[in-house]
Amino acid sequence: MTGDAIVTSGSASAAVPAHPPLQLFAPKTFPALRFLDEAGQHISLASFHGKFVLLSIWATWYIPCQKEMATLDRLQAKLGGPHFQIVPVSIDTGGLAPVKEFYTRFKIQHLGIFLDPSGSAMEILNLQEIPVSFLINSDGEAIGLRSGTAVWDSPRMVRFLTHVISSKSPT
């Protein structure tokens, strides 16, 4: 199990896998990102304060995103709760309709619907590609990044995220 060995990082309390499945970095302020929920209400990441958030920027029409969403749905079913939530923000310009159709077609049952039809997240986060996912700690700071697709419900990823969440969640 060389790839999953736990090592102590430079920070005093954080022990992370030797080869984490996403890029980790020291906590940094995350840009103020606003988007819409399924009801069309404005929402921001501040709404999730106190939880670890996996923020995924994606689109229904992009095949790599289509493949990844099912794994995010299964991860939300496994780990979602008071300390962790996946927030998939669609940049589809068509708004709610294509996302709802996508959720039905691909049987996405555990993820909320979040929308950024203006695509402002791409600009605010200075993104050149999707999917991109950010791991945000319970204080709203970015601590990790994954560009491109991932198998989010793989045993290795679940172990990693469980470790990160449990090491930082209040007891």
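Start by selecting I57 and everything that touches it: setting aside neighbours within four places in sequence, I57 is in contact with V89, I91, A121, M122, L125, L127, I130, P131 and V132. Keep in mind as you go that this is a predicted model.

**Stop 1: the core around I57**

Which residues have the most contacts inside the largest nonpolar core? They are L55, I57 and L161, in a core of 52 residues. Colour those three and leave them visible for a while. As background, nonpolar side chains in soluble globular proteins tend to be buried together.

**Stop 2: zoom out to the whole chain**

Switch to a cartoon view. The protein chain has four helices and ten strands. Where do they fall along the sequence? Reading along it gives β-β-β-β-β-β-α-β-α-β-α-β-β-α. Of the 171 residues in the chain, 47% are buried. If you draw a contact map, take the contacts with a separation of 6 or more: 68% of them join residues 24 or more positions apart. Now turn on the surface. The chain exposes about 8,600 Å², and carbon and sulfur atoms supply 56% of that.

**Stop 3: the loop between α3 and β9**

Go back to two of the partners of I57, namely I130 and P131. Select the peptide bond between them: I130 and P131 are joined by a cis peptide bond, with omega at about -10°. P131 sits in the loop between α3 (120-124) and β9 (132-136).

Stay in this loop and step back to N126, which is also found between α3 and β9. Check its backbone torsions: N126 is not a glycine, yet its phi is positive, at about 55°. Is N126 buried or exposed? With 60% relative accessibility, N126 counts as exposed.

Then pick Q128, another residue in the loop between α3 and β9. Q128 counts as exposed because its relative accessibility is 70%, and the cut-off for that class is over 50%. For a distance to draw from here, connect the C-alpha atoms of Q128 and S147: they are 19 residues apart along the chain and separated by 9.9 Å.

**Stop 4: K107, in another loop**

Select K107, in the loop between α2 (96-105) and β8 (114-115). K107 has a positive phi of about 55°, although it is not a glycine. The relative accessible area of K107 is 59%, so it is exposed.

**Stop 5: S90 in strand β7**

From K107, move to S90, which lies in strand β7 (residues 84-90). Is S90 buried or exposed? S90 is buried, since its relative accessible area is 1%, and buried means under 20%. Which residues surround it? Apart from neighbours within four places in sequence, S90 is in contact with W58, V99, F114, L115, D116 and P117. Try a distance here too: the C-alpha atoms of S90 and I113 lie 8.0 Å apart, with their positions 23 residues apart along the chain.

**Stop 6: L145 in strand β10**

Next, select L145 in strand β10 (residues 141-147). Beyond its neighbours within four places in sequence, L145 is in contact with L22, Q23, F25, V132, S133 and F134. V132 also appeared among the contacts of I57. Now measure out to L54: L145 and L54 are 91 residues apart in sequence, and 9.3 Å apart in space from C-alpha to C-alpha.

**Stop 7: a pocket and a cavity**

Finish with the empty space. Rolling a probe the size of a water molecule over the atoms shows where such space is left.

Select F30, P31, A32, L33, R34, S44, L45, A46, H49, I136, D139 and G140 to show the lining of the second largest pocket. This pocket has a volume of about 160 Å³. Its lining has seven nonpolar, three polar and two charged residues.

How many cavities of 30 Å³ or more does a search of the whole structure find? It finds one. The largest cavity holds about 40 Å³ of space. To see what encloses it, select L45, F48, H49, G50, K51, V53, I136, N137, S138 and G140. By class, this lining has four nonpolar, five polar and one charged residues. L45, H49, I136 and G140 are listed in the linings of both the pocket and the cavity, which makes them a handy selection for viewing the two together.

Technical notes: Residues numbered from 1 in each chain as written. Predicted model: local features only at pLDDT ≥ 70, side-chain atom pairs only at ≥ 80, totals over all residues. Heavy atoms only, no water. Core = buried A, V, L, I, M, F, W, Y, C linked by side-chain atoms within 4.5 Å. Buried < 20%, exposed > 50% of the residue type's maximum accessible area, 1.4 Å probe, protein only. Contact = heavy atoms within 4.5 Å. Helix = DSSP H or I, 4+ residues; strand = E, 2+ residues; numbered from the N terminus. Areas by Shrake-Rupley, 256 points an atom, 1.4 Å probe, with all protein chains shown as cover. 1 Å grid on protein atoms, 1.4 Å probe; cavity = no way out; pocket = protein on both sides within 12 Å on 5 of 7 lines; lining within 4 Å. Points joined across faces, edges and corners; volume = space filled by probe spheres on them. Nonpolar A, V, L, I, M, F, W, Y, C, P; charged D, E, K, R; others polar.
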